[in-house]
Amino acid sequence: MTDGGAPKGGLGTIRNATLLMDLLARSPHLHQLTDLAQQSGMTVPTVHRLLRSLVHAEYAIQDPATSRYGLGPAVLRLAVHQMSGSPVLSALNPFLIGLRDQLQATIGVHVLIASEAVCIDQVEAHDRGPFRRPLHASPALDSAAGRILAAHASDDEWERIAAEHPDLQAMRDQWRTAHHVVCASTDPTAPDQIAVPVAAADGTVVAALTADLQPGSDPQPIAAALLRTAVSGGRSIPHA
């Protein structure tokens, strides 16, 4: 066995490298070597060796001024390639601008990746001013999109996600059967969110479609418009 309980050989090395990349993706933007070793459960020499390999392949960077580490540009390249071929985005993209104009709200497409709700596309409402909200990822149960996606995930995935929120474990059935879910924003400067599931042709929920929900807004017509788009787009997604 090696550091972190991973098996010896290539699989253990890959497991440890991906663990480090997950840690590098967290805030802050740059991380100290010793902090990464402590968080990963690996020794400092092991972490240093893996980081050297990741830097060489451009999956990590080392800041020359501070010697701290962050994610590298190769990660972005892979993400762009993955999204450009995404059947979810290909199915939903043609509808997003029209839906934004109809609802006068920011529209987002979210998927579940490693227990986080990841916004992979977004069209800003016209009244949001000159500043665009960046694409983002957040713990699944912190958003309406994430709650729908987590509820429709496998039992094992749900258990991992809900383990940190025992107060919400009983909500799975309600979120799984709901036509839409509303979640209050944890950011006082941001609006609440309403989300609906996007099911592929085989019935598997593969994404969530969201809209900002302004104070006093009736969620029912917004949910109906989102659902029409989710159904129309979902039909062209062959399978999960």
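Begin with the whole protein, which shows nine helices and eight strands, where helices (H or I, at least four residues) and strands (E, at least two) are DSSP runs numbered from the N terminus. This is a predicted model, in which local features need pLDDT of at least 70 and side-chain atom pairs count only at pLDDT 80 or more, while totals for chains, interfaces and linings use all residues. Residues are numbered from 1 along each chain as its sequence is written, and side-chain values use heavy atoms, with hydrogens and water left out.

With the C-alpha trace displayed, the protein spans about 55 × 40 × 35 Å along its principal axes. Of its 240 residues, 40% are buried, that is, under 20% relative accessible area with a 1.4 Å probe and protein chains only.

Next, select helix 2, residues 33-40, where the buried residues are Leu36, Ala37 and Ser40. These three lie on the same side of helix 2, because they cover an arc of only 100° around the axis, the arc being that of the directions from the helix axis to the C-beta atoms. Step on to Gly41, which follows helix 2 and has a positive phi, near 80°.

Then select Trp158 in helix 7 (residues 155-162) and Trp175 in helix 8 (residues 172-177). The count of aromatic pairs comes to one, with rings of Phe, Tyr and Trp (its six-membered ring) pairing if their centres lie within 6.5 Å. The ring centres of Trp158 and Trp175 are 6.3 Å apart and their planes stand at 75°, so the pair is edge-to-face, a class that requires planes over 60 degrees apart. The pair links distant parts of the chain, 17 residues apart, and both Trp158 and Trp175 are buried.

Technical notes:
Buried < 20%, exposed > 50% of the residue type's maximum accessible area, 1.4 Å probe, protein only. Phe/Tyr/Trp six-rings, centres within 6.5 Å; stacked < 30°, edge-to-face > 60°.
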